[in-house]
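Q: I would like a close look at one residue of this protein, followed by a careful account of the parts that surround it in the wider fold. Please take the time to connect the details rather than list them.

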Amino acid sequence: MASEIAAKLLLSLPPDAANLAFVNSLVQRSELRDLHEKVASGQRISEADALRLFESKDLNAVGALADLVCRRKNGNRASYILNRYINYSNYCILSCQFCAFARKKRDADGFQYSVEEIAQMGREALRLGLTELHIVGGLHPSLPFSFYTDMLRALKAVDGRLQLKCFTAIEILHLAWLAKKSVEQVLVELKAAGLDSLTGGGAEIFQPAVRSAIAKGKESAEEYLGVHRIWHRLGGRSTCTMLFGHIESLADRVDHLRRLRLLQDQTRGFVGFVPLPYQPGHNQLEVQTPPTGFDMLRTLAVSRVYLDNFDHVTAYWVGLGLKLAQVALSYGADDLHGTIIEEKIFHMAGATSPQQQTEAELVKGIREAGRVPVQRDTFYQPVKVWDAAPADEGPPAGGASRVLENNLATA
Ligand code: SF4
């Protein structure tokens, strides 16, 4: 009887108040009550608090806390982007143990595109109505620095409105080493050639011993963060990532988030955080318990609560699958990433998700989760806000969504 009365009371409240009341009722019954009071009053949680959230088995209570933070920052909106991935080459001088993407020059399935081939991909992207090209590759042994600036210029010549989100911090360090230039000079020249944003890849896990065990020889956390720091100082924006669910401990994840929050306090240059679940298979890293659905949701949720100076947290559907990414919209995520078109890195590692999503699927997934879909650009700025149609209706005909849907069939 008491629960019926409580349910009636909840239904009589306006939506925001009802949500808050629901969170209150959920969390206050849990072991996390003190953390709810902290988060609800807008206080920052500590690393010890984050570890407690990670260790809690009360996933719904952790998710409710994350949802509280997410709604405070983004209201009822959830975003996606119309983008495509381009891997200019998979040749790489490193052999990270977790990687199934990299190849050596002797390997038959290595590849490398020319600037003209990449420009053609840019033209196709434009025809599909895409706004962003997300471009990364391995640490190529010999391509000259001019290849990278020529590629950016060629793509901007296709259409200056195409936003170019390119290169991990690790690639930038590699280019600086190859070209015998400072990191700052490399970034200045890439920016002048058309680079709009750095990608977040290459962060893996910052904890040195674990980093060395999964990515031997890869540059350190300090070097990764140093590149982003310089890029932010130059006025650039970027995203950042964390590869989780392999051999790291929960404390290592907290340490990783701590370093990201610290840099964000100093620069405010990160526009979003993208946790990446480890993909087992086709690599040299044996992992007993790869990330489960529970682990993916709690990692997104704890990240959302702890990274209080980040506006956006992405549920990366390639790693989670679209179904779980959709659920993650109630566990702190406010973004599903994008259409992608041709994802290679996770799929060469055995991901079973499709290689692309249509805009219609992303919009439908967001609507079903009770959020208002927003098409965003590289910097999470809204391009288009969809109306709040019923979840089973699908996106309206015409406009960019229909154009994209039709064209994807022949892409
Ligand atoms: S993760 Fe990146 S740096 Fe490491 S082997 Fe793969 S492509 Fe090379």
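In which helix does His-256 lie? Please start there and then widen the view.

A: Because this is a predicted model, what follows describes computed geometry. His-256 lies in helix H12, which covers residues 250-267. The residue counts as buried because 26 other C-beta atoms lie within 10 Å of its own, where 20 or more are needed. Leaving out residues up to four places away in sequence, His-256 touches Ile-205, Phe-206 and Met-242. One of these partners, Ile-205, is 51 residues away from His-256 along the chain, yet the two C-alpha atoms are separated by 6.3 Å.

That pairing can be set against the chain as a whole. The protein chain holds 18 helices and 10 strands, and 45% of its 411 residues count as buried. Among the contacts in the chain with a separation of 6 or more, 79% join residues that are 24 or more positions apart.

A second buried position can be described in the same terms. Leu-187 is placed in helix H9 and counts as buried because it has 23 C-beta neighbours inside 10 Å. With residues up to four places away in sequence set aside, Leu-187 touches Ile-172, Ile-230, Trp-231 and Leu-234. Between Leu-187 and Leu-173, which are 14 residues apart along the chain, the C-alpha separation is 9.9 Å. The loop between helix H8 (169-179) and helix H9 (183-193) contains Lys-180, and this residue, although not a glycine, has a positive phi of about 55°. Lys-180 counts as exposed because it has 8 C-beta neighbours inside 10 Å, and 12 or fewer meet that description.

A positive phi in a residue other than glycine is also found at His-337, where the value is near 70°. His-337 belongs to strand S8, residues 335-338, and it is buried, with 24 other C-beta atoms within 10 Å. Asp-109, by contrast, counts as exposed, with 7 C-beta neighbours inside 10 Å; its place is in the loop between strand S2 (83-87) and helix H6 (115-127). Asp-109 and Asn-90 are 19 residues apart in sequence, and their C-alpha atoms are 9.0 Å apart in space.

The interior comes next. The largest nonpolar core has 111 residues, and those with the most contacts inside it are Leu-65, Leu-300, Val-305, Ala-315 and Ala-328. Helix H5 (residues 59-74) gives the largest share of this core, 8 residues, and the core draws at least three residues from each of domain 1 (2-74) and domain 2 (77-408). Around Ala-328, neighbours within four places in sequence being left aside, the contacts are Leu-297, Leu-300, Ala-315, Leu-320 and Ala-333.

Two helices deserve a fuller description here. The 16 residues of H5 should span 22 Å at 1.5 Å a residue, and this agrees with the model because the end C-alpha atoms are 22 Å apart. The buried residues of H5 include Ala-61, Leu-65, Leu-68, Val-69 and Asn-74. After H5 comes Gly-75, whose phi is positive and near 60°.

The other is helix H13 (residues 293-306), whose 14 residues should span 20 Å at 1.5 Å a residue, in agreement with the 20 Å between its end C-alpha atoms. Since 11 of its 14 residues are buried, H13 is largely enclosed by the rest of the structure. The buried set includes Leu-297, Leu-300 and Val-305, and the charged-type names Arg-298 and Arg-304 are found in it too. Leu-297 and Leu-300, both buried in H13, are among the contacts of Ala-328.

The ligand has its own surroundings. The residues around it are Cys-92, Leu-94, Ser-95, Cys-96, Cys-99, Phe-101, Ala-102, Gly-138, Leu-139, Ile-170 and Ala-215. Sorted by class, this shell has 9 nonpolar and 2 polar residues, with no charged ones.

To return to the starting point, His-256 is a buried residue of helix H12, and Ile-205, Phe-206 and Met-242 are the residues it touches once those up to four places away in sequence are not counted.

Definitions and conventions
Residues numbered from 1 in each chain as written. Predicted model: local features only at pLDDT ≥ 70, side-chain atom pairs only at ≥ 80, totals over all residues. Helix = DSSP H or I, 4+ residues; strand = E, 2+ residues; numbered from the N terminus. Expected span 1.5 Å × (residues − 1). Near = placed C-beta within 6 Å. Core = buried A, V, L, I, M, F, W, Y, C linked by C-beta atoms within 7 Å. Domains from an automatic or database assignment. Contact = placed C-beta atoms within 7 Å.
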